[in-house]
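I opened this notebook to keep track of what I looked up about charged side chains and their partners. Which pairs turn up, and how open to the surroundings are they?

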Amino acid sequence: MNCELCGREMHRYHEVLIDGVTMKVCDQCAKYGKEVRRATPPVVKATRAQAPAPVSNPLPPPPRRRPVQDIVDDDEPMLDFGKMIKKRREEMGLSQEQLATKLQEKKNLLAKIEREEIKPDKQTARKIEKVLGIRIIEKIQ
Ligand SMILES: [Zn+2]
């Protein structure tokens, strides 16, 4: 049967009073009315001993990202170059190591570029573009 309020298919229903009308509604819609009959079948949960609230241990705020080093002077790589490289690399099924090898660069450097900790220099950027078939230096038209 379907919920009389939202029309969703439901396997059990609540009878609730909404604006003076008794309706058969789903779990989600039950909160909109006053329940006249419990859901079928009634959900009876054994009440557990009150578990202590989890100790919230707030993590320190993440370290501020260092400003991206300006290796490229005039040509500005796209803001999301790291994400683009990572996405494309994963699409091609390459590990960071494999891509780094193709680029003849260190994996470390590639990792930093992907995290956008550093901008690739022009030469590296061109290689990345060529290997991955994406544009990262100029914005896509
Ligand atoms: Zn509903």
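The entries below deal with salt bridges, taken one pair or group at a time.

Entry 1. I noted at the outset that I am working with a predicted model, and I then searched the whole structure, which gave ten salt bridges.

Entry 2. I looked up R12 and found that R12 forms a salt bridge with D27, where the closest N and O atoms lie 3.2 Å apart. This pair links distant parts of the chain, since R12 sits in the segment before β1 (14-18) while D27 sits in the loop between β2 (21-25) and β3 (34-37), 15 residues apart. I also checked exposure: R12 is partly exposed at 24% relative accessibility, and D27 is partly exposed with a relative accessible area of 36%.

Entry 3. I turned to K83, whose side chain meets that of D80 in a salt bridge at 3.5 Å, N to O. Are K83 and D80 buried or exposed? K83 has a relative accessible area of 57% and is therefore exposed, whereas D80, at 38% relative accessibility, counts as partly exposed.

Entry 4. I went on to R115, which forms a salt bridge with E117, and I recorded 2.8 Å between the closest N and O atoms. R115 is partly exposed, with a relative accessible area of 45%, and E117 also counts as partly exposed, at 24% relative accessibility.

Entry 5. Last, I looked for residues joined in a group, and I found K87, R88 and E91 linked in a network of salt bridges.

Note on methods:
Residues are numbered from 1 along each chain as its sequence is written. This is a predicted model: local features need pLDDT of at least 70, side-chain atom pairs count only at pLDDT 80 or more; totals for chains, interfaces and linings use all residues. Side-chain values use heavy atoms; hydrogens and water are left out. A salt bridge is a side-chain nitrogen of Lys or Arg within 4 Å of a carboxyl oxygen of Asp or Glu. Helices (H or I, at least four residues) and strands (E, at least two) are DSSP runs, numbered from the N terminus. Buried means under 20% relative accessible area, exposed over 50%, partly exposed in between (1.4 Å probe, protein chains only).
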